[in-house]
Amino acid sequence: MPDLTSLYTAILNGDAKAATAITKEALAENADPLEMVNRYMVPAMSEVGKRFECEEYFVPELLLAARAMKGSLELLRPLLTERGSEPTGRVVIGTVKGDLHDIGKNLVASLLEGGGFEVIDLGADVGPERFVAAVREKNANFVCLSALLTVTMPSMRKTIEALRAANLRDRVRVLVGGAPVTQQWADEIGADGFAPNASAAVTLARRLAAA
Ligand code: B1M
């Protein structure tokens, strides 16, 4: 694995052009895409968050870093989603209502695809009624909810309640995740599981699919 500190720095600086070039180079040198994500790209976004918190960075810097991260992820996506032919399960995924953060959710979606799941990605700012409609239409057996803001976490509970009201709750496993989400929160809102990161989400979904 080449030293990709420059990828970390490019994302931190919001330099999408450099991030894309470094990603291409690394892939040409057979770097492991998942290791690139976990060792360099996710830590860069965490540092962006820390700088935002201490007012060293503001929303424009967040947007630039997100653009750089997304550009690199787009190149890695085909490698992260490679899988065999038989789907392990069908997942409806989305970031909950009021929340526009979609980078982590996209990563979870890619790894789930790579882990053998068929994934229906509803995007960000998804209301409970859209999750309900998608589960019904697509006959999904998993729902993955992402939230990055503490103020949007209650939308997770509302989505679970909406699934219950539509008599779909027993048909699906609901998994939750996102930076402010915890196992305790998952238990409190009646979710079936919590995953702290994308790889853990795949492990959990596979375990539940096999149960
Ligand atoms: Co925002 N933002 N943001 N932001 N942003 C955070 C989340 C924040 C923690 C920054 C901070 O203060 N340190 C803070 C939230 C504070 C809080 O609620 N406690 C915050 C804020 C305040 C805001 C705004 C309100 C800022 C403003 O406008 N004043 C605003 C809100 C907009 C809205 O959503 N309505 C806002 C906007 C934005 C941007 C649009 C500029 C941009 C998002 C761009 C995009 O996503 N397209 C942005 C960014 C980039 C961030 C930070 C810096 C990085 C998020 C990220 O992409 N991380 C973030 C700081 C941080 O998280 N430390 C921050 C990388 C990503 C790979 O990690 O998303 O955690 P993450 O996903 C992980 C796991 O959490 C897990 O797996 C993923 C991969 O391992 N996971 C799941 C995620 N979803 C899962 C679902 C699952 C399982 C696992 O299902 C089973």
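Here are some notes on how the two domains of this predicted model meet, and on the cobalt site.

1. Let's start with the layout. The domain assignment splits the protein into domain 1, covering 5–82, and domain 2, covering 90–210. Going by C-alpha atoms, the centres of the two sit 24 Å apart. On the domain 1 side 13 residues take part in the contact, and domain 2 puts in nine residues.

2. How much area do domain 1 and domain 2 bury between them? It comes to about 890 Å². Carbon and sulfur atoms account for 65% of that buried area. As background, the accessible area lost when parts come together is a common way of giving the size of an interface.

3. Now for the charged and polar pairs. Two salt bridges turn up across the interface of domain 1 and domain 2. Have a look at Lys-70 and Asp-102 while you have the model open: they form a salt bridge, with 3.0 Å between the closest N and O atoms. The interface of the two domains also has three residue pairs in polar contact, counting pairs with both residues at pLDDT 80 or more.

4. Which helices supply the side of domain 1 that touches domain 2? Helix H3 (33–53) and helix H4 (59–80) each give at least two residues to it. H4 has the largest share, with six residues. Sorted by class, that side of domain 1 is made up of eight nonpolar, two polar and three charged residues.

5. Last, the metal. Which protein residue is a donor to the cobalt atom of the ligand? It's His-101, through NE2, at 2.2 Å, and the protein offers the cobalt no other donor. To find His-101 in the fold, go to the loop between strand S1 (89–95) and helix H5 (103–114).

How values were computed: Residues are numbered from 1 along each chain as its sequence is written. This is a predicted model: local features need pLDDT of at least 70, side-chain atom pairs count only at pLDDT 80 or more; totals for chains, interfaces and linings use all residues. Side-chain values use heavy atoms; hydrogens and water are left out. Domain bounds come from an automatic or database domain assignment. Contact means heavy atoms within 4.5 Å. Buried area is the accessible area (1.4 Å probe) that two parts lose on being put together, summed over both. A salt bridge is a side-chain nitrogen of Lys or Arg within 4 Å of a carboxyl oxygen of Asp or Glu. A polar contact is a pair of N or O atoms within 3.5 Å; within protein, one must be able to donate a hydrogen and the other to accept it, and residues adjacent in sequence count only if both atoms are side-chain atoms. Helices (H or I, at least four residues) and strands (E, at least two) are DSSP runs, numbered from the N terminus. Ala, Val, Leu, Ile, Met, Phe, Trp, Tyr, Cys and Pro count as nonpolar, Asp, Glu, Lys and Arg as charged, and the others, Gly among them, as polar. Donors are N, O and S atoms within 2.8 Å of the metal (3.2 Å for Na, K and Ca); water is not among the atoms, so sites may look incomplete.
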